[in-house]
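Here is a set of short exercises to work through with the coordinates open beside you. Try each task before reading its solution.

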Amino acid sequence: MAYWLFKSEPNAWSWEDQKRKGEAGEEWTGVRNYQARNNMREMKIGDLGFFYHSVKETSVVGIVEVCNTVHPDSTTDDPRWECVDIRAVTDIPQPVTLADIKANPHLSDMVLVNNSRLSVQPVSEQEWREICRMGGLKEAPKSP
């Protein structure tokens, strides 16, 4: 299994919006960056990701699961752009801010710290466990 981070501006698509989609999940549309698109091409059903509120809140607020592999993005006719579907798994009890992530030496190599503009990015297993710990999860969630 691989781990990921999905960034969204909460005024465009929030964690609460994601949770309302339930088991069906939702397409992660609108990505127009080749590196982020290529990351989605690597995803498999059951991979887990952090749901990250960007712009003002800048914090990890939830955990999602990839529930459909890469397919054409329904918001464009341009065949270059693809997306995956994700569904909410659980809230992060204590949101983990970007400042907290940057202050943690165990996370200094994290893509979020070094390329904060990338909207879909990989997360290492060690980074996954550390952010889950920081967020108050007793055990890092695993895919069903």
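## Exercise 1: Aromatic pairs

By the ring rule used here, the count comes to six aromatic pairs. In that rule, rings of Phe, Tyr and Trp (its six-membered ring) pair if their centres lie within 6.5 Å; planes under 30 degrees apart count as stacked, over 60 as edge-to-face and the rest as tilted.

Before you start, note that this is a predicted model: local features need pLDDT of at least 70, side-chain atom pairs count only at pLDDT 80 or more, and totals for chains, interfaces and linings use all residues. Residues are numbered from 1 along each chain as its sequence is written, and side-chain values use heavy atoms, with hydrogens and water left out.

**Task.** Classify the pair W28 and F51 by geometry, and find where each ring sits in the chain.

**Solution.**
- Step 1: The ring centres of W28 and F51 are 5.6 Å apart and the planes make an angle of 85°, which is an edge-to-face pair.
- Step 2: W28 belongs to the loop between β2 (26-27) and α2 (34-41), while F51 is in strand β3; the two are 23 residues apart, and the pair links distant parts of the chain. Helices (H or I, at least four residues) and strands (E, at least two) are DSSP runs, numbered from the N terminus.
- Step 3: W28 has 6% relative accessibility, so it counts as buried, and F51 is buried too, at 0%. Here buried means under 20% relative accessible area, exposed over 50%, and partly exposed in between (1.4 Å probe, protein chains only).

**Task.** Now do the same for F50 and W128.

**Solution.**
- Step 1: With 4.1 Å between centres and 25° between planes, F50 and W128 are stacked.
- Step 2: This pair also links distant parts of the chain, with F50 in strand β3 and W128 in helix α5 (residues 125-134), 78 residues apart.
- Step 3: F50 is buried at 0% relative accessible area, and W128 is likewise buried at 0%.
- Step 4: To finish, look for the cluster: F6, W15, W28 and F51 form one aromatic cluster.

## Exercise 2: The surroundings of β3

**Task.** Is strand β3 (residues 48-53) largely enclosed or open, and why?

**Solution.**
- Step 1: Six of the six residues of β3 are buried, so the strand is largely enclosed by the rest of the structure.
- Step 2: In a regular strand the side chains alternate between the two faces of the sheet.
- Step 3: L48, F50 and Y52 point one way from β3, and G49, F51 and H53 point the other way.
- Step 4: Strand β1 (residues 3-8) pairs with β3 in the parallel sense over six bridges, and F6 has F51 as its bridge partner in β3. Two strands pair if DSSP finds at least two bridges between them.
- Step 5: Strand β4 (residues 59-72) runs antiparallel to β3, joined to it by six bridges; there, V60 is the bridge partner of Y52.
- Step 6: The hairpin of β3 and β4 has five residues between the strands, and V55 takes a positive phi near 70°.

## Exercise 3: Salt bridges

**Task.** Which acidic partners does R87 have, and where do they lie?

**Solution.**
- Step 1: Side chains of opposite charge can pair when their charged atoms come close. The rule asks for a side-chain nitrogen of Lys or Arg within 4 Å of a carboxyl oxygen of Asp or Glu, and a search of the whole structure finds 11 salt bridges.
- Step 2: R87 forms a salt bridge with E23, with the closest N and O atoms 3.9 Å apart. R87 is in strand β5 (residues 82-97) and E23 in the loop between α1 (15-20) and β2, 64 residues apart.
- Step 3: E23 is exposed, with a relative accessible area of 61%.
- Step 4: R87 also forms a salt bridge with E65, where the closest N and O atoms are 3.1 Å apart. E65 lies in strand β4, 22 residues from R87.
- Step 5: E65 is buried, at 6% relative accessible area.

**Task.** What parts of the chain does the salt bridge of R41 with E82 tie together?

**Solution.**
- Step 1: The closest N and O atoms of R41 and E82 are 2.5 Å apart.
- Step 2: R41 lies in helix α2 and E82 in strand β5, so the pair ties together parts that are 41 residues apart in sequence.
- Step 3: R41 is partly exposed, at 41% relative accessibility, whereas E82 is buried, at 17%.
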